[in-house]
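I opened this notebook to record what I looked up, starting from one pairing and working outward to the whole chain.

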Amino acid sequence: LMYCPFTTPDPKEKFLVFCGTDDDRALLLMINSDMPSFVFGVDHLEACQVEVDSTDCQCLNRISMVNCAEVIEYFSVRDVIRAVRGTPSAAKSVLPEEKRAEIAFAVDGARAVSPWHKEVIADGLYQPDVIGSIGPS
């Protein structure tokens with residue numbers, strides 16, 4: 001859970017999926033409580049939305065969508081480490097392996113995600129202990 005000043009129309013705290021790193025940038029995917037309206041009816045964007053719920057992530061209280069069409073690189077790895085160490089509850093849970101595989105597949109099909117990011121994210125999703133290693137010290 002991190003404060004995201006880039007969300008529109010208003011900045012807010014969002015749940016994010018940590019997928020790996022690109023140099024000093026954290027590669028994140030945003031969890032939305034609703035599918036954005038512009039996604040409906042656009043097949044390639046709908047295919048990039050992965051449903052998650054409380055059985056996948058205990059912090060969720062409703063069915064939500066991981067947007068795999070857009071990689072968020074706003075935060076540095078250091079920002080993520082600070083958020084997790086400063087508020088251990090910010091690191092809510094590790095998604096089940098089946099859900100991580102579904103996310104990797106959706107990212108792989110995303111038109112706007114570079115081949116490099118697809119590879120890094122696929123690798124990162126299969127190393128869920130990485131975020132745990134930056135937890136409270």
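I looked up Val52 first and found that its bridge partner in S6 is Ser64. I note that the model is a predicted one.

I then turned to the two strands concerned. I found that S5 is joined to strand S6, residues 64–72, by four bridges, and that the two run antiparallel. In general, strands of a sheet pair through backbone hydrogen bonds, in either a parallel or an antiparallel manner.

Next I traced the sheet. I recorded an open sheet of four strands, ordered S3-S4-S6-S5, with antiparallel pairing. At its edges I found strand S3 (16–22) and strand S5 (49–52), each of which pairs on one side only. From one strand to the next, I noted a twist that averages 30°.

Which strands does helix H4 touch? I found that H4, residues 115–125, packs on the sheet and touches S3, strand S4 (25–32) and S6. I entered about 115° for the angle between the direction of H4 and that of S3.

I then surveyed the protein chain as a whole. I listed five helices and six strands, and along the sequence I read the pattern β-β-β-β-α-β-β-α-α-α-α.

I closed with the contacts and the surface. Taking contacts between residues at least 6 apart in sequence, I found that 61% join residues at least 24 apart. I noted that the chain has 137 residues, 42% of which count as buried. For its accessible surface I recorded about 7800 Å², with 51% belonging to carbon and sulfur atoms.

Notes: Residues numbered from 1 in each chain as written. Predicted model: local features only at pLDDT ≥ 70, side-chain atom pairs only at ≥ 80, totals over all residues. Heavy atoms only, no water. Buried < 20%, exposed > 50% of the residue type's maximum accessible area, 1.4 Å probe, protein only. Contact = heavy atoms within 4.5 Å. Areas by Shrake-Rupley, 256 points an atom, 1.4 Å probe, with all protein chains shown as cover. Pairing = 2+ DSSP bridges. Axes fitted to C-alpha atoms, helices over the stretch in contact; angles between N-to-C directions.
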